[in-house]
Amino acid sequence: MEREPRPGGDPAVRTEVPLGKPTAARMYDEALGGKDHYAVDRAANSRLYEAIGERRVRDTAMENRRFLGRAVEYLARECGVRQFLDVGSGLPTVRNTHQIAKEADPHARVVYVDIDPIVAVHGRALLADDNTRIVTADMRRPETILDDPELNGLLDFDEPVAVLFVAVFHFITEEDDPARIVGEFRKRQAPGSYVAISHLCADGMSEPERQGWYAGFSGATVPLVLRTEPEIERLFDGYELVEPGLVRPWRWRPSDDLSPRTDSLLGGVGRLD
Ligand SMILES: C[S@@+](CC[C@H](N)C(=O)[O-])C[C@H]1O[C@@H](n2cnc3c(N)ncnc32)[C@H](O)[C@@H]1O
């Protein structure tokens with residue numbers, strides 16, 4: 001087990017990198033062609049590839065990642081947002097939130113939050129920058145994020161903050177009340193703030209694909225929950241969806257033809273007035 005001492009974050013969240021079970025962060029990294037994963041993650045992804053098709057799973061991951069990039073670009077360049085809270089950020093990869101935000105304004109401030117301690121282990125070295133921080137915490141307990149001293153030392157909630165929940169709410173069960181979680185973040189946000197959400201969507205999936213996603217994540221450290229379009233749309237309650245609304249991510253403000261096109265996800269950006 002690797003250990004990482006940590007100044008901030010949620011003390012209830014494990015600081016050990018779990019090696020015995022697949023984690024969503026490492027499985028996603030493998031699907032994107034990254035290098036920060038273990039045999040147990042590759043085995044879980046092999047089950048996904050067998051059930052759903054390798055191309056489709058990798059395309060879904062890439063389509064999502066490109067949505068994240070375009071959403072941050074839009075928020076930074078077109079909406080003038082200078083503060084980002086990237087919840088369920090995953091392992092650093094190409095075109096991370098802070099890099100995109102800083103292309104628009106080098107002084108942009110970004111806090112990454114993830115439940116998986118490997119994100120902080122790999123991220124600290126990569127993100128050595130005064131205006132970028134990583135907090136290890138569980139979004140099911142929003143107060144441990146919103147009251148975190150590391151976060152509050154950097155982000156000012158009296159000014160607009162874009163909160164990103166990209167490909168993370170499908171790891172939050174109904175029991176943990178996703179609407180309550182978004183609501184806790186929304187309550188802290190100033191007018192002119194935004195939320196960006198993408199989510200695996202059960203609508204339009206074949207039964208074998210649905211079963212495949214569940215089987216792939218069955219032994220993982222976080223549970224998987226596929227939701228319908230109305231259920232995903234409810235996560236935007238209190239926000240006004242910006243054009244083009246909640247859509248397949250490749251359709252969301254496409255800037256090039258590089259995004260794979262699957263029909264496994266929905267994504268959108270909402271504004272708080
Ligand atoms: C599929 S990855 C998405 C990464 C990134 N947001 C993106 O879209 O490129 C999902 C991430 O959410 C994290 N996650 C899952 N449940 C979480 C929780 N309860 N609190 C914080 N992070 C969580 C996982 O560890 C993983 O890194």
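## The ligand and its surroundings

The space taken by the ligand is the largest pocket. This is a predicted model, in which local features need pLDDT of at least 70, side-chain atom pairs count only at pLDDT 80 or more, and totals for chains, interfaces and linings use all residues. Residues are numbered from 1 along each chain as its sequence is written, and side-chain values use heavy atoms, with hydrogens and water left out.

A pocket is found on a 1 Å grid over the protein atoms alone, as an open set of points with protein on both sides within 12 Å along at least five of seven lines. A molecule sits in a pocket if more than half of its atoms lie within 2 Å of the grid points.

The shell around the ligand holds 22 residues. A residue is near the ligand if one of its heavy atoms lies within 4 Å. The closest are Tyr28, Arg65, Gly88, Asp114 and Val166. By type, the shell divides into 13 nonpolar, 4 polar and 5 charged residues. Here Asp, Glu, Lys and Arg count as charged; Ala, Val, Leu, Ile, Met, Phe, Trp, Tyr, Cys and Pro as nonpolar; the others, Gly among them, as polar. Helix H1 (24–31) and helix H3 (54–78) each supply at least two shell residues. Helices (H or I, at least four residues) and strands (E, at least two) are DSSP runs, numbered from the N terminus.

Some ligand atoms pair with protein N or O atoms as polar contacts (within 3.5 Å; within protein, one atom must be able to donate a hydrogen and the other to accept it, and residues adjacent in sequence count only if both atoms are side-chain atoms).

| Ligand atom | Protein partner | Distance |
|---|---|---|
| oxygen | Arg65, side-chain N or O | 2.8 Å |
| nitrogen | Gly88, polar backbone atom | 2.7 Å |
| nitrogen | Val166, polar backbone atom | 2.8 Å |

Taken alone, the ligand exposes 600 Å², and the protein buries 98% of that. Such areas come from the Shrake-Rupley method with a 1.4 Å probe; for residues, only the protein chains shown count as cover.

Now to the loops. Asp138 lies between strand E3 (132–136) and helix H6 (142–146). Asp138 is buried, with a relative accessible area of 10%. Buried means under 20%, exposed over 50%, and partly exposed in between (1.4 Å probe, protein chains only). The Asp138 side chain makes a polar contact with the side chain of Arg140 (2.8 Å).

Most residues other than glycine have a negative phi. Arg95 has a positive phi, near 50°. Arg95 is partly exposed, at 39% relative accessible area.

Technical notes
1 Å grid on protein atoms, 1.4 Å probe; cavity = no way out; pocket = protein on both sides within 12 Å on 5 of 7 lines; lining within 4 Å.
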